[in-house]
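Notebook open, coffee poured. I want to go through this one piece by piece and jot down whatever I look up.

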Amino acid sequence: MSADVWLPVPPAEIEGLPEEFDYHFWAGAPDFPADPARCVFYGVPYMKGPEIAVRPLPEMTALRVVQTLTAGIDHVLPALPSGAQLCNARGVHEASTAELALTLTLASLRGIPSFVRGQDAEDWRQGFHPALADKSVLIVGYGSIGSAIEDRLVPFECARITRVARSARATTRGPVHPISELPALLPDADVVILSTPLTDETRGLAGAGFLARMKDGALLVNVARGGVVDTKSLLAELESGRLTAALDVTDPEPLPAGHPLWHASGVLITPHVGGPTSAFLPRATRLLREQLVRFAAGDPLANVVATKD
């Protein structure tokens, strides 16, 4: 009897799946598509929230692989069953998330939200706005997404692009600084882009001290997770007018009606749309197929970020 694979994309839409498995489509419906105890490879439903993501895990007693379609795995990691490997979606979201990081940066600097409101009011709102050219940009979280963000920044004639990750390393573009050097690097940055995973170490990273070290008039862009930023501290900086922000993610999320962040001065908010674009599905199905081919052959999987013994 073959084992089961649960996929968040209809199996018929993924060409080249190995024939060794019985495939079932589950995108978070109330009823499970099959007995969870027979599932050995679980593709987590995309953008359905943490409760749905982990709901079948306690019953998946034979599970060997959990494959997310998100870059972040914080919503699944605490519930990872013993004996299972957790793989993230490295390679799926780099293009879309990097595009949005650049979009938010340019829209905020060039005053696009004000122009849109002016268009709605039939008000011709001319004015002077900063350019991205000649700005110093600090990327905090220099993994595959951070690198893709730099790819898209290069043509814009930035004065400097500085890279920060958990630990120091060298790249062909220049050094990656350790996160311990952030206090010395923040005062020089005109734009700070957060693309780091949410971990115990990065939760609340952009708190009062971090934000206070940013230069007057600097822009904070968050395409990471809402919890990387301390919302209360950010609100204080926005309301004073000292900083501006462009946020694709917030804490709390979804941002509830009436929350002061909605109407804070100098903030542009998008509703966590860094990943869901036309670029998502082809990359997601390719990853699922390639991972299942490896799994069927007994080869090491890509993107393994955790294993629970």
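Before the pockets, a reminder to myself: a pocket is an open set of grid points with protein on both sides within 12 Å along at least five of seven lines. I also keep in mind that this is a predicted model.

**Entry 1: pockets**

With that definition, I looked up the second largest pocket, and its volume comes out at about 720 Å³. There are 26 residues in its lining, and the closest to its centre are Pro50, Arg225, Glu253, Pro254 and His272. By class, I get eleven nonpolar, eight polar and seven charged residues for the second largest pocket.

Then I went to the largest pocket, at about 1300 Å³. Its lining counts 46 residues, with Ala71, Ser195, Thr196, Pro197 and Leu198 closest to the centre. Which elements give two or more residues to this lining? I found helix 2 (94-109), helix 4 and strand 7. The lining of the largest pocket splits into 20 nonpolar, 16 polar and ten charged residues.

**Entry 2: closed-off space**

How many cavities of 30 Å³ or more does a search of the whole structure find? The answer is one. I noted about 40 Å³ for the volume of the largest cavity. Its lining is made by Asn222, Gly226, Val229, Thr231, Leu234, Leu247, Val249, Thr250, Asp251 and Leu261. Sorted by class, that lining has five nonpolar residues, four polar ones and one charged one.

**Entry 3: cis bonds**

Asp251 came up in that cavity lining, and I met Asp251 again when I went through the peptide bonds. The bond from Asp251 to Pro252 is cis, with omega at about 10°. Another cis peptide bond links Glu253 to Pro254, and there omega is about -5°. Where do the two prolines sit? Pro252 is in the loop between strand 12 (244-247) and strand 13, and Pro254 is in the loop between strand 12 and strand 13 too. I also crossed paths with Glu253 and Pro254 in the pocket work, where both are among the residues closest to the centre of the second largest pocket.

**Entry 4: the eight-stranded sheet**

Next I traced an open sheet of eight strands. Its order reads 8-9-7-6-10-11-12-13, and the pairing is mixed. Strand 8 (169-171) and strand 13 (267-269) are the edge strands, pairing on one side only. On average, neighbouring strands here are turned by 20° against each other, direction ignored.

I zoomed in on one pair: strand 7 (residues 160-165) and strand 9 (residues 174-178) run parallel and are joined by three bridges. Which residue of strand 9 stands opposite Val164? That is His177.

Helix 4 (residues 144-153) lies across strand 6 (136-140), strand 7 and strand 10, at about 160° to strand 6. I had already listed helix 4 and strand 7 as contributors to the lining of the largest pocket.

**Entry 5: around Asp190**

I followed strand 10 back to the loop before it. Asp190 sits in that loop, between helix 5 (182-185) and strand 10 (191-194). A polar atom of the Asp190 side chain is 2.8 Å from the backbone nitrogen of Ser136. Leaving out residues up to four places away in sequence, I list Lys135, Ser136, Lys215, Ala218 and Leu219 as touching Asp190.

A little earlier in the sequence, I flagged Asp134: its phi is positive, about 75°, though it is not a glycine. Asp134 belongs to the loop between helix 3 (112-120) and strand 6.

**Entry 6: the six-stranded sheet**

Last stop was an open sheet of six strands, ordered 2-1-3-4-5-14 with mixed pairing. Why is one side of strand 2 (22-25) and of strand 14 (304-307) left without a neighbour in the sheet? Both stand at the edges with a single partner strand each, so one side of each has no neighbour there. I get an average turn of 20° between neighbouring strands in this sheet, direction ignored.

Strand 4 (residues 65-67) runs parallel to strand 5 (residues 85-87), with three bridges joining them. For Gln67, the bridge partner in strand 5 is Cys87. Helix 8 (residues 280-297) packs on this sheet, where I see it touching strand 1 (4-7), strand 2, strand 3 (39-43), strand 4 and strand 5. The direction of helix 8 makes about 160° with that of strand 3.

How values were computed
Residues are numbered from 1 along each chain as its sequence is written. This is a predicted model: local features need pLDDT of at least 70, side-chain atom pairs count only at pLDDT 80 or more; totals for chains, interfaces and linings use all residues. Side-chain values use heavy atoms; hydrogens and water are left out. Helices (H or I, at least four residues) and strands (E, at least two) are DSSP runs, numbered from the N terminus. A polar contact is a pair of N or O atoms within 3.5 Å; within protein, one must be able to donate a hydrogen and the other to accept it, and residues adjacent in sequence count only if both atoms are side-chain atoms. Contact means heavy atoms within 4.5 Å. Two strands pair if DSSP finds at least two bridges between them. Axes are lines fitted to C-alpha atoms, for helices over the stretch in contact, and angles run from 0 to 180 degrees between N-to-C directions. On a 1 Å grid over the protein atoms alone, a cavity is a set of points where a 1.4 Å probe fits but cannot get out, and a pocket is an open set with protein on both sides within 12 Å along at least five of seven lines; lining residues have an atom within 4 Å of a point. Grid points are joined across faces, edges and corners, and a volume is the space filled by probe spheres set on the points. Ala, Val, Leu, Ile, Met, Phe, Trp, Tyr, Cys and Pro count as nonpolar, Asp, Glu, Lys and Arg as charged, and the others, Gly among them, as polar.
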